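Reader: I would like to learn how to read the features of a structure model, one at a time. Please give the general idea where there is one, and then the case at hand.

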Amino acid sequence: QVQLVESGGGLVQAGGSLRLSCVASGNMFDINFIDWYRQAPGKQRELVAGITFGGSVNYADSVKGRFTISRDNKNTVNLQMNSLEPEDTAVYHCHSKARFREVNYWGLGTQVTVSS
């Protein structure tokens with residue numbers, strides 16, 4: 001069992017930056033990646049970025065060059081968001097999945113609002 005807790009959301013102006021953090025606790029052997037999703041009203045949930053504990057990263061095309069995902073330590077994944085745009089406004093959730101079970105882990109989310 002793994003618990004995920006996000007922090008770092010807020011309200012910023014276009015062009016600004018935020019750093020989101022996702023702290024995992026519980027059985028860390030149960031997961032081997034953490035990724036970030038976002039969902040805005042009226043839009044589908046979108047995979048923003050992900051990182052495996054082996055160091056592989058991936059990004060949605062919409063955030064490439066602006067967002068950076070990294071792992072501070074075994075339990076914490078950060079999402080540095082630069083050059084924010086109003087289109088980035090959404091609730092951001094970190095997510096993982098049990099390695100050997102069809103169980104997904106979700107944080108409760110943190111709101112990111114970017115004003116124009």
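## Reading strands, a disulfide, a core and two loops

Author: Start with a single bridge: Val23 has Thr76 in E8 as its bridge partner. Keep in mind that this is a predicted model.

Reader: Which strands pair with E3, and in which sense?

Author: E3 and strand E8 (residues 76-81) pair in the antiparallel sense over 6 bridges. Strand E1 (residues 2-7) and E3 are also antiparallel, over 6 bridges. For register, take one residue pair from each: Leu4 has Ala24 in E3 as its bridge partner, and Leu20 stands opposite Leu79 in E8.

Reader: What is the strand order of the open sheet?

Author: The order is E1-E3-E8-E7, a sheet of 4 strands with antiparallel pairing. E1 and E7 are the edge strands, each pairing on one side only. On average, neighbouring strands of this sheet are turned by 20° against each other, direction ignored. As a general idea, side chains in a regular strand alternate between the two faces of the sheet.

Reader: How many disulfides does a search of the whole structure find?

Author: The search finds 1 disulfide. Cys22 and Cys94 form it, with their sulfur atoms 2.2 Å apart. Cys22 lies in strand E3 (residues 18-26) and Cys94 in strand E9 (residues 90-97), so the pair ties together parts that are 72 residues apart in sequence.

Reader: Why is the disulfide of Cys22 and Cys94 called right-handed?

Author: Because the torsion about the S-S bond is about 70°.

Reader: Is Cys22 buried or exposed?

Author: Cys22 counts as buried because its relative accessibility is 0%, and buried means under 20%. Cys94 is also at 0% relative accessibility, so Cys94 counts as buried.

Reader: Now the core. Which residues touch the most other members of the largest nonpolar core?

Author: The general idea is that nonpolar side chains tend to be buried together in soluble globular proteins. Here the largest nonpolar core has 30 residues, and Trp36, Leu79, Met81 and Tyr92 touch the most other members. Elements giving two or more residues to this core include E1, E3, strand E4 (33-39) and strand E5 (46-52). The largest share, 4 residues, comes from E3.

Reader: Which residues does Leu79 touch, not counting residues up to four places away in sequence?

Author: Leu79 touches Leu18, Arg19, Leu20, Trp36, Val48, Ala49, Phe67, Thr68, Ile69 and Tyr92. Leu20 in that list is the residue standing opposite Leu79, and Trp36 and Tyr92 appear with Leu79 among the core members that touch the most others.

Reader: What about backbone angles? What is the phi of Ser83?

Author: Most residues other than glycine have a negative phi. Ser83 has a positive phi of about 50°, although it is not a glycine. Ser83 sits in the loop between E8 and E9. With a relative accessible area of 40%, Ser83 is partly exposed.

Reader: Where does Asp30 lie, and is Asp30 buried or exposed?

Author: Asp30 lies in the loop between E3 and E4. Its relative accessible area is 11%, so Asp30 is buried.

Reader: Which side chain makes a polar contact with that of Asp30?

Author: The side chain of Arg101 does, in a polar contact of 3.5 Å. Leaving aside neighbours within four places in sequence, Asp30 is in contact with Gln1, Val2, Lys97, Ala98, Arg99, Arg101 and Tyr105.

Notes
Residues numbered from 1 in each chain as written. Predicted model: local features only at pLDDT ≥ 70, side-chain atom pairs only at ≥ 80, totals over all residues. Heavy atoms only, no water. Disulfide = S-S within 2.5 Å. Buried < 20%, exposed > 50% of the residue type's maximum accessible area, 1.4 Å probe, protein only. Pairing = 2+ DSSP bridges. Core = buried A, V, L, I, M, F, W, Y, C linked by side-chain atoms within 4.5 Å. Contact = heavy atoms within 4.5 Å. Axes fitted to C-alpha atoms, helices over the stretch in contact; angles between N-to-C directions. Polar contact = N/O pair within 3.5 Å; in protein donor to acceptor, adjacent residues only side chain to side chain.
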